[in-house]
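Could you walk me through this model, one question at a time? I would like each answer to show its reasoning.

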Amino acid sequence: MGFRELPAIEEGRDGHADETTGPPADGRDAVTSLDPPGNIDTRTEFDDLRVLLRKWRTVPRYDGLPIYEELVLGGLGRIADEVAVVRQLEDGCATLMRAGDAFAAIVECDCHGRPLDRLAHGFQLSIELALKDARRTGAPSLQLCQAAQDGMISTVEIAALPLSSRWEGAFFLLFARARERQIELANLLINSMPEGIMALSALDRKNGAPTDFLILSINEAAARLFGSTSEALRSAQLSSALAGTGFEGCIDKLRDAVSRGNGHAVSLECSANGKSLQIGITATGSILTVTLTDVGVLKARETLFRSMFDDNPVPMVLRDSGGRAVLDVNDAALRLYRYDRTQFLKLEPEALLHGPSDPVVRPLTAVEAGGNPKRHRTADGRVLDVVEYEREIAVGGRPAVLATIIDVTERTRAEAQITFLAHHDPLTGLANRTVFTQTLETALGRIQSGGAGFAVICVDLDGFKLINDTLGHDAGDTLLVNVGRRLQALTRAPDVIARLGGDEFALILQSCAGPEAAAGHADALIEALDQPHWIDGREIRVGASLGIALAPTHTTDLQQILKFADLALYRAKQDSGSAFRFFESQMDRVVGERRQLEMDLRRAVIENEFELSYQPIIAVQTGGLRGFEALVRWNHPTRGSIPPGKFIPLAEEIGVIGDIGEWTLREACREAVTWPDSLIIAVNVSARQFSNGGLVDTVAATIQAFGLPAQRLEVEITESVLLNGTQDNIGILRRLRDLDIRIALDDFGTGYSSMGYLTKFPFNRIKIDRSFVADLEIDSGSRAIVRAIIGLATGFGMDITAEGVETVGQLEVLREERCSELQGFLFSPPMPRDNVRSVIDAYLGSGEVERDAIRQAG
Ligand code: C2E
Ligand code: CA
Ligand code: CA
């Protein structure tokens with residue numbers, strides 16, 4: 001409500017003019033004052049004020065004014081309760097002479113003889129204004145006065161009626177009555193607001209413009225702005241409250257605003273002392289509610305918010321409190337959503353929504369932190385996983401919601417990736433062991449509850465290691481990926497294919513309950529894997545071996561079924577490659593034993609459970625002793641002596657042959673130096689020892705360490721040394737020969753293209769495999785071969801030893817065929833070290849040993 005010029009209390013306008021005395025001499029209305037519109041009309045003609053005014057007009061006058069005694073003593077009746085008599089002396093001092101109870105109750109004090117300036121400030125000012133007005137015009141003056149009490153504000157009508165008296169000073173009759181009470185906001189609420197608030201009433205309206213304002217109520221924030229307290233400023237005149245604050249100019253502005261009557265809400269700015277106030281004015285009835293905001297603080301806050309908002313690298317959207325409209329958006333958000341500002345500001349917030357975030361991969365940390373995970377769609381159609389953190393803030397005094405948007409798309413993806421990685425082999429993308437085991441567990445659980453059986457197939461590539469070693473790991477990886485694809489192409493859900501590690505794959509075929517179906521599938525897999533691969537422009541072939549175990553046929557135990565499939569695979573690999581085998585119960589035992597032996601062998605190397613046996617080498621023609629072949633034995637703590645045929649291949653496989661070979665060489669040399677110089681010592685060296693490297697150095701160091709003449713050491717190799725890494729190995733052989741070490745080709749005739757080897761390297765000796773010797777007497781073919789070998793070797797100047805000579809008949813043939821040496825049970829089996837001395841002595845005793853040897857042995 002604005003301030004308007006209000007109708008005066010005017011008799012006659014409503015047809016009661018006959019009861020009035022007519023307008024006063026100056027032509028003004030009887031009462032000039034603020035009064036709510038329609039006030040008079042709502043009151044009856046018996047309204048107390050109207051009755052009083054009528055009386056005022058009708059009683060006898062003196063000097064133009066009604067005589068005090070005539071009016072008061074003429075009987076005011078009940079009106080006497082609402083009036084007070086005021087005497088104003090020439091010095092301006094006014095005193096309440098007497099007052100009725102109702103009047104006293106309104107001004108809340110005992111009025112008898114009370115000077116006007118000891119009334120509540122608001123009343124004092126209103127009364128003074130009324131008196132002044134009345135005195136000046138000689139007519140009744142009505143003032144409205146707002147009094148704030150106990151958080152309530154009441155409007156009091158105060159009328160001053162000038163009288164004439166024979167007493168000294170000016171006399172007035174004051175009439176006071178309270179209008180309906182207006183309930184204000186609780187002071188508490190007002191005082192707790194950060195904004196300054198005060199309620200004002202206009203004072204002494206002149207020509208429609210109030211001259212000053214009375215502070216009816218003021219909160220602490222407002223009082224602080226004026227450097228005072230609410231206590232001190234309540235009921236003060238605004239002009240005195242602002243005096244010295246620098247904000248005096250505010251009054252003019254307020255006055256201006258009021259007199260212009262421009263609407264219900266007016267906003268002003270007022271600056272002083274570098275402080276800038278924003279003043280909002282709202283009229284409620286005749287009360288001005290004024291809000292005061294320190295714009296400096298506001299501006300600082302606004303600037304801070306702007307920079308925090310606009311320049312924030314984190315996307316932010318400001319929405320209205322209902323979340324309906326976008327009020328603002330920062331650049332980061334525009335970049336994120338790929339909208340331009342105008343487009344974005346027109347968006348309904350839901351326009352961004354793509355749907356709820358995937359609960360499986362929703363970023364847990366974000367949700368825990370109170371965020372709200374959502375899926376948003378960008379202008380260019382991308383889907384983002386975001387987490388919104390909403391905060392209610394006030395913007396320009398209005399509630400709004402600031403949404404901070406965290407783009408968690410990458411993180412969600414990463415989390416999904418992590419989840420994927422936790423379940424998949426990163427190279428091939430196939431399931432990993434964890435998933436495989438889980439699936440297996442579930443499938444076995446189904447069997448327990450009467451479900452169908454299934455097959456587990458373990459797949460291992462044949463010769464993968466060779467490809468990895470020769471073509472490199474990248475090629476190896478590519479190959480594994482290809483293999484994964486081929487296996488996958490043949491696998492349909494609910495079947496599962498996993499890579500368990502290396503070149504090891506496994507399948508759970510839920511669709512293959514019986515052996516026929518499983519075998520059919522295995523065949524298909526083998527065929528697919530047998531196809532050549534093209535890697536780096538090369539054609540590569542790897543076969544695959546498969547092992548199959550069936551549930552429940554073979555087992556329903558989780559650990560066992562995998563193990564069984566693995567055992568079957570092991571057998572398939574041993575048998576041929578590119579084949580499958582079903583699990584059979586004895587596989588478990590065989591492989592179990594092997595595993596045990598493997599562990600035992602590793603321990604044996606550490607504990608040195610080996611021992612050498614020595615088999616004499618005999619000159620065929622003379623029967624003399626040429627030396628000994630050292631043959632290793634393993635004294636197993638519980639299984640007794642284990643022959644080399646049972647553990648040497650295993651030692652080669654598990655990589656401990658180097659250790660065993662070095663030990664053998666040392667022991668043999670240590671022993672041989674105790675023998676006569678004429679005796680040679682033959683030591684078997686595995687092909688693996690050639691590829692391990694360092695063989696020549698080891699041998700050289702060993703003979704030197706024991707002082708064994710090089711020509712007394714004979715290294716026995718097999719054809720496999722010449723088969724693999726030929727050039728390197730021949731190089732090693734040459735270097736050994738350069739050391740004067742003798743080289744013998746063992747097991748001759750059992751390999752591939754035996755005769756050719758004789759031309760490859762100048763061996764010192766060829767040892768004819770005992771399989772030929774065994775057949776010498778009965779198989780003319782064998783004799784022909786032996787004859788050819790001897791003929792050829794002799795031609796190259798090589799010695800020839802026949803192995804495994806067990807009969808005199810064999811000895812006879814070998815002698816006829818001019819074989820140079822022999823070994824065999826006919827003369828002696830390999831013997832422990834302790835027996836060697838007596839054998840040497842025996843041969844020494846027979847006179848067959850060369851003279852110096854006898855001397856040394858003695
Ligand atoms: P090999 O080098 O051919 O050794 C000869 C094998 O024939 C020995 O078997 C020996 O006991 C056996 N033997 C000797 N005379 C006869 C006979 O008249 N009849 C029959 N049936 N067999 C006879 P052993 O000691 O079991 O050795 C087996 C193989 O183990 C050896 O064959 C050799 O290849 C390997 N070996 C033995 N010691 C070592 C070693 O220290 N290092 C390496 N790398 N291999 C070794
Ligand atoms: Ca040998
Ligand atoms: Ca041999």
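Below are questions and answers on this predicted model.

Q: Which residues coordinate the calcium ion (ligand 2), and at what distances?
A: Along the chain, the donors of this ion follow the spacing E-x54-N-x31-E-x29-D. They are Glu 629 (OE), Asn 684 (OD1), Glu 716 (OE) and Asp 746 (OD). Their distances to the calcium ion (ligand 2) are 2.1 to 2.3 Å.

Q: How many residues apart are Glu 629 and Asn 684, which the calcium ion (ligand 2) brings together?
A: Both residues coordinate the calcium ion (ligand 2). Glu 629 belongs to strand S28 (residues 625-636), while Asn 684 belongs to strand S30 (residues 680-684). The pair links distant parts of the chain, with a separation of 55 residues.

Q: Is Glu 629 buried or exposed?
A: Buried means under 20% relative accessible area. For Glu 629 the relative accessibility is 4%. Asn 684, at 28%, counts as partly exposed, whereas Glu 629 counts as buried.

Q: Which residue coordinates both the calcium ion (ligand 2) and the calcium ion (ligand 3)?
A: The calcium ion (ligand 3) is coordinated by Asp 746 (OD), Asp 747 (OD) and, through two OE entries, Glu 803, at 2.1 to 2.5 Å. Asp 746 (OD) is also among the donors of the calcium ion (ligand 2). The two ions are 3.9 Å apart, and the residue that coordinates both is Asp 746.

Q: How far apart in sequence are the parts that Asp 747 and Glu 803 tie together?
A: The donor residues of the calcium ion (ligand 3) are spaced D-D-x55-E in sequence. Asp 747 lies in strand S32 (residues 742-748) and Glu 803 in the loop between strand S34 (799-802) and helix H31 (808-816), so the parts tied together are 56 residues apart.

Q: Which helix gives the most to the largest nonpolar core?
A: This core has 79 residues, and those with the most contacts inside it are Leu 601, Ile 681 and Leu 713. The contacts of Ile 681 include Ala 668 and Ala 672, and both of these are buried in H23. With seven residues, the helix that gives the most to the core is H23 (residues 657-672).

Q: What span does H23 reach from its first C-alpha to its last?
A: H23 has 16 residues. At 1.5 Å a residue, 22 Å is expected. The span in the model is close to that, at 22 Å.

Q: How many residues are in the second, separate core?
A: This core is separate from the largest one, and among its members are Ala 455, Leu 479, Leu 509 and Val 542. Ala 455 stands opposite Leu 550 in S25. The number of residues in this second core is 31.

Q: Which strands are the edges of the open sheet?
A: Five strands form this sheet with mixed pairing, in the order S21-S22-S20-S25-S26. Within the sheet, S20 (residues 454-462) and S25 (residues 543-551) pair in the antiparallel sense over nine bridges. An edge strand pairs on one side only, and here the edges are S21 (496-501) and S26 (580-582).

Q: Is His 636 buried or exposed?
A: The place of His 636 is in strand S28. His 636 touches Asp 600, Arg 603, Glu 609 and Ile 642, leaving aside residues up to four places away in sequence. With a relative accessible area of 6%, His 636 is buried.

Key:
Residues numbered from 1 in each chain as written. Chains lettered and ligands numbered in written order. Predicted model: local features only at pLDDT ≥ 70, side-chain atom pairs only at ≥ 80, totals over all residues. Heavy atoms only, no water. Donors = N, O, S within 2.8 Å, 3.2 Å for Na, K, Ca; no water. Helix = DSSP H or I, 4+ residues; strand = E, 2+ residues; numbered from the N terminus. Core = buried A, V, L, I, M, F, W, Y, C linked by side-chain atoms within 4.5 Å. Buried < 20%, exposed > 50% of the residue type's maximum accessible area, 1.4 Å probe, protein only. Contact = heavy atoms within 4.5 Å. Pairing = 2+ DSSP bridges. Expected span 1.5 Å × (residues − 1).
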